[in-house]
Amino acid sequence: MGMLKRILLAEDNENDLDLTLTALGENNLANEVVVVRDGAEAWDFLCREGHFAGRNGGNPAVVLLDLKMPKVDGLELLRRMREDARFKTVPIVVLTSSREESDIVQSYRLGVNAFVVKPVAFDQFIGAVKNLGLFWAVLNEPPPDRAQAPSPA
């Protein structure tokens, strides 16, 4: 088994961020969790630009994506990822408080792997995130790196 890949968590709400990190920690996942606060920062991480220009390569095991974020929202980030050959196979799980049908429909049309509405109750939220982290970061077998297009020269 290779090195565990990072989890990219795009979340701007401090309370939801703390709860998500707590839930992932309770599951004792050894994956590194990289936190970004908006879609622009997430895009920089993925493309190894800006603050993340010097980071080690490789795509995350999964992107946990909030929809309602500043600068670049989650739907726009999802669209960019699915249009870019480098990120087409990266699993993306929308983890949001939005129950709007249009958000759900648009997310799936753009190629999201799962859409999870954040439960309001603390225990339900912790359980949902633990299960997401366990499945996508540990149990799911991602495509080999060669299945993804090379970075542009």
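Helices, in the sense used on this tour, are DSSP runs of at least four residues, numbered from the N terminus. The model on your screen is a predicted one, and each stop below suggests what to select next and says what is there.

**Stop 1: helix H3 and its charges**

Begin by selecting residues 74-83, which make up helix H3, and pick out Arg-80 and Glu-76 within this helix, which lie four residues apart, about one turn of the helix. Their side chains meet in a salt bridge, with 3.2 Å from N to O. Arg-80 is partly exposed, having a relative accessible area of 25%, and Glu-76 is likewise partly exposed, with a relative accessible area of 25%. If you now add Arg-79 and Glu-83 to the selection, you will have the members of a network of salt bridges that links Glu-76, Arg-79, Arg-80 and Glu-83. Before you leave Arg-80, show Trp-43 as well, since Arg-80 lies over the face of Trp-43, at 5.8 Å from the ring centre.

**Stop 2: other salt bridges**

How many salt bridges does a search of the whole structure find? The search finds eight, and two further ones deserve a visit. Select Glu-32 and Arg-6, which form a salt bridge in which the closest N and O atoms are 3.2 Å apart. Because Glu-32 lies in the loop between helix H1 (14-26) and strand S2 (33-36), while Arg-6 lies in the segment before strand S1 (7-10), this pair ties together parts that are 26 residues apart in sequence. The two partners also differ in how they are classed, for Glu-32 counts as partly exposed at 45% relative accessibility, whereas Arg-6, at 18%, counts as buried.

Next, select Arg-86 and Asp-84, whose side chains meet in a salt bridge with an N to O distance of 2.6 Å. Here Arg-86 is buried, with a relative accessible area of 18%, and Asp-84 is buried too, with a relative accessible area of 15%.

**Stop 3: the surroundings of Asp-66**

Move on to Asp-66, which you will find in the loop between strand S3 (62-65) and H3. Is Asp-66 buried or exposed? Its relative accessibility is 5%, so Asp-66 counts as buried, the limit for that class being under 20%. The side chain of Asp-66 makes a polar contact with the side chain of Thr-96, at 3.4 Å. Leaving out residues up to four places away in sequence, Asp-66 touches several others, among them Ala-10, Asp-12, Gly-74 and Lys-118.

**Stop 4: the nonpolar cores**

Now select Leu-8, Leu-46, Leu-65 and Met-81, which are the residues with the most contacts inside the largest nonpolar core, a set of 24 residues. At least two residues of this core come from each of S1, S2, helix H2 (39-47), S3, H3 and strand S4 (92-96). Which element gives the most to this core? That element is H2, with five residues. To look more closely at one member, centre the view on Leu-46, which, apart from its neighbours within four places in sequence, is in contact with Leu-8, Arg-55, Pro-60, Leu-77, Met-81 and Phe-87. There is also a second, separate core of 15 residues, and you can locate it by selecting Val-93, Ala-114, Ile-126 and Val-129, which it includes.

**Stop 5: aromatic rings**

A search of the whole structure finds two aromatic pairs. For one of them, select Trp-43 and Phe-87, which are edge-to-face, at 5.5 Å centre to centre and with 75° between the planes. This pair links distant parts of the chain, with Trp-43 in helix H2 and Phe-87 in the loop between H3 and S4, 44 residues apart. Both Trp-43 and Phe-87 are buried.

Then select Phe-45 and Phe-52, which form an edge-to-face pair with 5.2 Å centre to centre and 85° between the planes, and both of these residues are buried. Add Arg-55 to the view, and you will see that its charged end sits over the ring of Phe-45, 4.0 Å from the ring's centre.

**Stop 6: two backbone details**

Finish with Arg-48, in the loop between H2 and S3, which has a positive phi of about 60° although it is not a glycine. Arg-48 counts as partly exposed at 39% relative accessibility. Lys-71, in the loop between S3 and H3, is not a glycine either, yet Lys-71 has a positive phi of about 65°. Lys-71 is exposed, with a relative accessible area of 73%.

Technical notes
Residues numbered from 1 in each chain as written. Predicted model: local features only at pLDDT ≥ 70, side-chain atom pairs only at ≥ 80, totals over all residues. Heavy atoms only, no water. Salt bridge = Lys/Arg side-chain N within 4 Å of Asp/Glu carboxyl O. Buried < 20%, exposed > 50% of the residue type's maximum accessible area, 1.4 Å probe, protein only. Polar contact = N/O pair within 3.5 Å; in protein donor to acceptor, adjacent residues only side chain to side chain. Contact = heavy atoms within 4.5 Å. Core = buried A, V, L, I, M, F, W, Y, C linked by side-chain atoms within 4.5 Å. Phe/Tyr/Trp six-rings, centres within 6.5 Å; stacked < 30°, edge-to-face > 60°. Lys NZ or Arg CZ within 6 Å of the ring centre and 35° of its normal.
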